[in-house]
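Here are some exercises to work through with the model open beside you. Try each task yourself before you read its solution.

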Amino acid sequence: MSSPHTFKVTAGIVCVMRRSYFTNSYFTDTPSGLVAIDAGMKSHGGDMLAALAELGRTPSDVRAILVTHWHNDHAAGAAELAEVTRAPVYYHQTEALHLTRVKAFAGVRGAISSWVPETGPLVLVKGLLGNAPQRAVAATHFVAHGQVILEEFEVIETPGHTEGHVSYYHLPTGTLFAGDALAVIAQRIRFMARPVTEDLEKARRSMQKCMDREIHFVCPGHREPLMTNAEAEVQRFRALLDSSTPWPLFG
Ligand SMILES: [Zn+2]
Ligand SMILES: [Zn+2]
């Protein structure tokens, strides 16, 4: 297994990036401990735990696990991370049927999913085939729009990519943890690709909601975070969203 690449977004925010899909999770330092945003791609949690070790931190430093949505590349490691750290898990109730595997596909499809190895690009395929991550993870808390978690993370309901998708806005630093509500490519905010967006109308409104915030950094679920000139870029993208620009096929 190749270890994820870890790097700082701000003094207190670390991005954990994998090679496949350039999938990101994050650790944010808060006065009450580390907060994980999404939990990566492996149900054994090895990628998150390796990142934690690289930071010189221990599982007991993790104070909370915030999940944006149920897709395997974001939630596969949540069960293990929760077990090892004993940290509470937060996500939207609408994602619960997937995350607790109630909606997991049984039969041939479910069996194929369980046989697919958690390797590289197969991780996402495995989750989509099974309609759930491999390991069920119960929420300690369901989140709702406007709620502030640990006095620092405001919940923004951002349905569209999935029905119960949420983003988290870190108030002290003006950082948007967007999950897959939007993309960032080459320091530009972009639409997600159309084929991976369940509901285009909702997804557009979700992005508009996010762009209302004063944003200094955008930490997306994939590829590199937006770390420079975010204010101007948010304004540009907000204007694009408000125009009648059709949703680009590949985002
Ligand atoms: Zn996703
Ligand atoms: Zn994703």
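The exercises below go from the sheet to the helices and then to two single residues.

A note before you start: this is a predicted model, where local features need pLDDT of at least 70, side-chain atom pairs count only at pLDDT 80 or more, and totals for chains, interfaces and linings use all residues. Residues are numbered from 1 along each chain as its sequence is written, while chains are lettered from A and ligands numbered from 1 in the order in which they are written.

**Exercise 1. The sheet**

Task: Work out the order of the strands in the open sheet, and find its edge strands.

Solution:
- Start with the terms. Strands (E, at least two residues) and helices (H or I, at least four) are DSSP runs, numbered from the N terminus. Two strands pair if DSSP finds at least two bridges between them.
- Now follow the order: seven strands make up the open sheet, as β1-β2-β3-β4-β5-β6-β7, with mixed pairing.
- Then look for strands that pair on one side only: these edge strands are β1 (5–10) and β7 (141–142).

**Exercise 2. Stepping from β1 to β4**

Task: For each step from β1 to β4, say how many bridges there are and which way the strands run.

Solution:
- Recall the background: strands of a sheet pair through backbone hydrogen bonds, either parallel or antiparallel.
- Step one: β1 and β2 (residues 13–17) run antiparallel, joined by five bridges. Find F7 and you'll see that its bridge partner in β2 is C15.
- Step two: between β2 and β3 there are five bridges, again in the antiparallel sense. Here M17 sits opposite N24 of β3. The two strands form a hairpin with six residues between them, and Y21 in the turn has a positive phi of about 60 degrees.
- Step three: β3 and β4 are antiparallel too, with five bridges. F27 faces A36 in β4, and the hairpin linking β3 to β4 goes through two residues.

**Exercise 3. Is β3 enclosed or open?**

Task: Decide how far β3 is enclosed by the rest of the structure.

Solution:
- Use the cut-offs: a residue is buried if 20 or more other C-beta atoms (placed from the backbone) lie within 10 Å of its own, exposed if 12 or fewer, and partly exposed in between.
- Count along the strand: five of the seven residues of β3 are buried, so β3 is largely enclosed by the rest of the structure.

**Exercise 4. A covered helix**

Task: Find where α3 (residues 78–85) packs, and what covers its buried residues.

Solution:
- Contact comes first: two residues are in contact if their C-beta atoms, placed from the backbone, lie within 7 Å. Angles run from 0 to 180 degrees between N-to-C directions, and axes are lines fitted to C-alpha atoms, for helices over the stretch in contact.
- α3 packs on the sheet and touches β4, β5 (62–66) and β6 (89–91), with its direction at about 160 degrees to that of β5.
- Six of the eight residues of α3 are buried, namely A78, A79, E80, L81, A82 and T85.
- Their cover includes β4, α1, β5, α2 (72–75) and β6.
- Just past the helix, R86 has a positive phi of about 60 degrees.

**Exercise 5. A helix pair**

Task: Describe how α5 (residues 107–115) and α6 (residues 122–130) pack.

Solution:
- Two packed helices are described by the angle between their axes and the distance between the axes.
- The axes of α5 and α6 come within 8 Å and cross at roughly 155 degrees. That makes α5 roughly antiparallel to α6 (angles under 35 degrees count as roughly parallel, over 145 as roughly antiparallel, 65 to 115 as roughly perpendicular and the rest as oblique).
- At the contact, R109, G110, I112, S113 and S114 of α5 meet K126, L129 and G130 of α6.

**Exercise 6. Two single residues**

Task: Locate V196 and G251, and decide whether each is buried, exposed or partly exposed.

Solution:
- V196 is in the loop between β13 (188–190) and α7 (200–211). It is partly exposed, because 16 other C-beta atoms lie within 10 Å.
- G251 is in the segment after α8. It has 15 C-beta neighbours inside 10 Å, so G251 is partly exposed.
- Leaving aside neighbours within four places in sequence, G251 contacts A183, R190, F191, M192 and A193.
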